Amino acid sequence: MANQYFQFKQFTVWHDQCAMKVGTDGVLLGSWADCSDAKLILDVGTGSGLIALMCAQRSNAHIDAIDISREAFNQATYNVLQSIFSQRINVYLTSYADFFPDKKYDLIVSNPPFFEKSLKSPDLNRSLARHNDSLSFESLIVKTVDLLSPEGKFAVIIPYDLFQVFDEIAYNNNLKLRQKTMVRPKPETPFKRVLAAYSVEEVGVDEKELVIEISRHVYSEGYFELTREFYL
């Protein structure tokens, strides 16, 4: 039986009631996104609340976390309330399209649904979490542009084979790529994910590569350094 929670250094994430479990993608994005100077952060599609909690640990920001799923909202709310960061995180049950805050964000993060061409799960909540029917790349980007502060950043993790499509949509909506880290599971495997950060301001692109494991359960030095603040 899979573990119903994941213990990090400063918080615990229960994921037994929500569709998408704690996984490498979320840990990567939560560790990688630049939130050091952010005062207001938005986590779109928060799921268990993992990325919101990671950003809270790495910053002094106030964080809004949203999800369209009632189960995810309940799970994230519980995880936040049990954490030492509860005074700085608010969780909302809403779609991104129906979210109209009276503020602009210094950082917007999202581990978006992207299995647009794969066979859908019979579990509605899991299907919503894994597919972009409920939140297309274009809808995500257009809404994000509207909610970013003038100097704000937008950080996402995208499948490598969909990144070019995502990047083109971002460019067409006045978001400029500023950071790009291509991720491969092991040294000999193809790239699987891209960590990408955008802003309205064009500053040039900082490009890097990251290998997660040198061999099975043996993490690379790069991955260890990136995530060392979180893993026990």
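**Helix H6 and the second largest pocket**

In this predicted model, the buried residues of helix H6 (residues 163-172) are Phe-163, Phe-166, Ile-169 and Ala-170, where buried means under 20% relative accessible area with a 1.4 Å probe and protein chains only, and where helices are DSSP runs of H or I with at least four residues and strands runs of E with at least two, numbered from the N terminus. These residues lie on the same side of H6 because they cover an arc of only 130 degrees around the axis, the arc being that of the directions from the helix axis to the C-beta atoms. On the other side of H6, Gln-164, Tyr-171 and Asn-172 are exposed, that is, over 50%. Among the elements covering the buried residues of H6 are helix H5 (137-147), strand E7 (148-159), E8 and strand E9 (193-199). After H6 comes Asn-174, with a positive phi near 70 degrees.

The second largest pocket has a volume of about 290 Å³. A pocket is an open set of points on a 1 Å grid over the protein atoms alone, where a 1.4 Å probe fits, with protein on both sides within 12 Å along at least five of seven lines, and its lining residues have an atom within 4 Å of a point. Of its 17 lining residues, Gly-23, Thr-24, Ile-212, Tyr-219 and Tyr-223 lie nearest its centre. Helix H1 (24-32) and strand E8 (176-184) are the elements that give two or more residues to this lining, and H1 gives the most, with four residues.

Residues are numbered from 1 along each chain as its sequence is written. Local features need pLDDT of at least 70, side-chain atom pairs count only at pLDDT 80 or more, and totals for chains, interfaces and linings use all residues, while side-chain values use heavy atoms, with hydrogens and water left out.

How values were computed: Points joined across faces, edges and corners; volume = space filled by probe spheres on them. Contact = heavy atoms within 4.5 Å.
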